[in-house]
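Subject: Handing over the structure

Dear colleague,

I am passing on the structure below, together with some notes on what was found in it. Please read them with the sequence and the model open beside you.

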Amino acid sequence: MSLDKRPSLPVEPGEDTMQPSSRIPWWRAVWGDRMGRVGLVLVVVVLALVVVGPMIFPFAASSFGLSADSILQPPSGGHWLGTDELGRDVFRQVLVGGQISLLVGLSATAIAMVVGAGLGLVSGYYAGWRDNVLMRITDFFLVLPTLPLIIALAALLGQSVVITSLVIGLTSWPQTTRIIRSQVLSLRERPLVLRVRSLGATDRRTIWVHIFPNVSPLIFANLVLVLAGAILSEASLAFLGLGDPVHVSWGTMLHFAFTSGAMSRGAWWYVLPPGIGIVILVLGFSLVGHSLDRILNPQSRGAR
Amino acid sequence: MTLLEIKDLCVDYTVGADSLRAVDQVSISVAAGEAVGIAGESGCGKTTLGLAVPGLLPANATPTGSVQLLGEEMIGRSEDDLNELRWTKVSFIFQGAMNALNPVHRIDRQILEPIRTHEPNTASAAAKERVSQLLELVGVSPSRARSFPHEFSGGMRQRVMIAMALACRPSLLIADEPTTALDVISQSQILSLLGDLQREQQLGLLLISHDLAAIRRTCDRVVVMYAGVVVETGPTAVILGRGTEKRTAAHPYTQALIKAHPDLAGERVLAQALPGHPPDLSIPIKGCRFYDRCSVRKSICHEVAPTLRPVAGTAHLAACHLVGGDVT
């Protein structure tokens, strides 16, 4: 029987990989998912307001302390969201505060991802005693009551954007480690790894070039969920007065609103905007994260 | 010239405190340009044997004995020394092409990997040209070089695996179930491809398969393994029959394997399944390993393990007490 030299052109969907069945970019996939679409819109709107907003909206020069009349003023044409207890423009604070909330959330997530994915890759790839030691450490962090720990650490280490990010980042990694490890454990048993080993690839190369790209969609989906959690943690910390007093985030605004008695004085314009900002941002990231998880993670596909 | 000489190879797996001998005193040789098939059920040590040659056994396996590839001893070599021989002298076609290819890299990049590793001085353009030639050789259009594995059918992925295995011009090719999980048409094409390449390039081929038809088509000699030992070996035409030659398998296990496969050309008889399972190797077996499932067993078979003895001439050997006339 002679060999058929013509190329055949059937395209089969991926069988058991974690790749989406066709190669569409993730944002398209998320956009196609109802939950993801809502989340994406929320996130983009907040991002646009917070990042671009301060550059386009005109603000009156800081007018605090001019007179008793200027404090806790309700919204008006000059101050779209009124003024705070020192007479500062709340709208401006909301936009700038959002930047701080996002900044802390992103840097904490970056730390959590590097630690979480790194440990997960090492633990899953080497297995054996290294896995055992790392997993016991991970379990320890997993069962720690995170918020009290964060509060204690923040109180101990001081109040600055850097320290808040570090503390949140170093307490949010264990679930990522667990997820990545379990996927790597299954990947390392594939003939792919044996083939690469037979090429003389070092462990580092095997992990980076062959295993990491296969788990990166999972890391990405997890990243968005951790980001939502980190923003919420920062808000909690700041509300309790453990935020950076110089760089005011949404949580810090709520803290000052609470301590200045804005709530009992009915100054809703001071309390609601940062609160709503936190809710929308966290909800948006959570929706995108869950949507991504559903698209990229075969285990949870159709489970909800 | 002898390409591969396996002598008294044993492989022990350690699982916890237990030890299990998956390959026991196996001796096989492959000459340059010769195709040898290894047949047997699942779990009889075929894959372990195949992995032992390029030194790719898992960490809990200990090989003893001797595996000589082109005169170089493979057992006890360091990982670095093994790397020099892998792909350039011996390469491996892995079971299940989808899982042996990285789903996130394009196939040209994956075929380039062994070339880059073993011939780092190859110019980029020359290496790319080689990839095109290799793809052409295995019947995949070079225009598909930039595809991802999931864009290929199962048969094409297997062709890519073969192209990869040939990338550094090895003298010996070990193919572990290269046609499993493929449809019959692709199976047939892959076997033709392997056979053609083997003849054209004078490659030594060690084809590991449970499929007797695949071995009959491709291999000059066949080695039948059962529970870690060789039970019968000889020319394929003699044991499995080919063309006008009648098959004369001597060992009851080989005969049972043949009966379990339907034969298109021969008489119309129903394929007969062989009942039972291979024995548990963690328990020592005194007599013949096939005793429990053998239909012609004698009392001596339970007591004394048979050794390989000539059936007819020196090429055809079988390990059975009923062969050679000591027991009737």
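How many of the residues of β7(B) are buried? The strand is mostly covered, since the count comes to 5 of its 5 residues. Please keep in mind throughout that this is a predicted model.

**The strand β7(B) and its surroundings**

The covering of β7(B) applies to both of its faces, with Leu172(B), Ile174(B) and Asp176(B) buried on one side and Leu173(B) and Ala175(B) buried on the other. The strand, which spans residues 172-176 of chain B, runs parallel to β8(B), residues 204-208, and 5 bridges join the two. Within that pairing, Leu172(B) stands opposite Gly204(B), while Asp176(B) stands opposite Ile208(B). A further 4 bridges join β7(B) to β6(B), again in parallel, and here Phe92(B) of the partner strand has Ile174(B) as its bridge partner. To pass from β7(B) to β8(B), the chain goes through helix α7 of chain B, residues 184-200, and this β-α-β crossover is right-handed.

These strands belong to an open sheet of 8 strands in chain B, whose order is β6-β7-β8-β3-β9-β10-β12-β11 and whose pairing is mixed. Its edge strands are β6, residues 90-93, and β11, residues 309-312, each of which pairs on one side only. On average, and with direction ignored, neighbouring strands of this sheet are turned by 20 degrees against each other. Across β6 and β7 of chain B lies helix α6, residues 154-165, which runs at about 170 degrees to β6(B).

**The nonpolar cores**

Which residues have the most contacts inside the largest nonpolar core? They are Val160(B), Ala163(B), Leu172(B) and Val231(B), in a core of 101 residues. Helix α6(B) gives the most to this core, with 7 residues. The core also draws at least three residues from each of two domains of chain B, namely domain 1 (4-219) and domain 2 (252-328).

Leu172(B), one of the residues just named, can be followed further through its contacts. With neighbours within four places in sequence left aside, Leu172(B) is in contact with Leu3(B), Leu4(B), Val30(B), Leu69(B), Lys89(B), Val90(B), Leu203(B), Gly204(B) and Leu206(B). A second, separate core has 68 residues, including Val50(A), Ala154(A), Ile180(A) and Leu232(A).

**The other sheet of chain B**

Chain B also has an open sheet formed by 4 strands in the order β2-β1-β4-β5, in which the pairing is antiparallel. Here the edge strands, each pairing on one side only, are β2 (18-31) and β5 (72-73). Strand β4, residues 61-69 of chain B, pairs with β5(B) over 2 bridges in the antiparallel sense, and the bridge partner of Leu69(B) in β5(B) is Glu72(B).

**A helix enclosed in chain A**

Turning to chain A, helix α10(A), residues 250-259, is largely enclosed by the rest of the structure, because 8 of its 10 residues are buried. The buried residues are Trp250(A), Gly251(A), Thr252(A), Met253(A), Leu254(A), His255(A), Phe256(A) and Ala257(A). What do the buried residues of α10(A) pack against? Their partners in chain A are α3 (90-126), α9 (203-239) and α11 (268-296). Just after this helix, Gly261(A) takes a positive phi of about 75 degrees.

**Two backbone angles to look at in chain B**

Two residues of chain B deserve a look for their backbone angles. Gln25(B), a residue other than glycine, has a positive phi near 55 degrees, and this residue is found in strand β2 of chain B. Ala227(B), likewise not a glycine, has a positive phi of about 50 degrees, and its place is in the loop between β9 (221-226) and β10 (229-235) of chain B.

Is each of the two buried or partly exposed? Gln25(B) has 16 other C-beta atoms within 10 Å and is therefore partly exposed. Ala227(B), by contrast, has 23 other C-beta atoms within 10 Å, so this residue is buried.

With kind regards

Definitions and conventions
Residues numbered from 1 in each chain as written. Chains lettered and ligands numbered in written order. Predicted model: local features only at pLDDT ≥ 70, side-chain atom pairs only at ≥ 80, totals over all residues. Pairing = 2+ DSSP bridges. Axes fitted to C-alpha atoms, helices over the stretch in contact; angles between N-to-C directions. Contact = placed C-beta atoms within 7 Å. Core = buried A, V, L, I, M, F, W, Y, C linked by C-beta atoms within 7 Å. Buried ≥ 20, exposed ≤ 12 C-beta atoms within 10 Å, placed from the backbone. Domains from an automatic or database assignment. Right-handed = clockwise from strand over helix to strand, strands pointing away.
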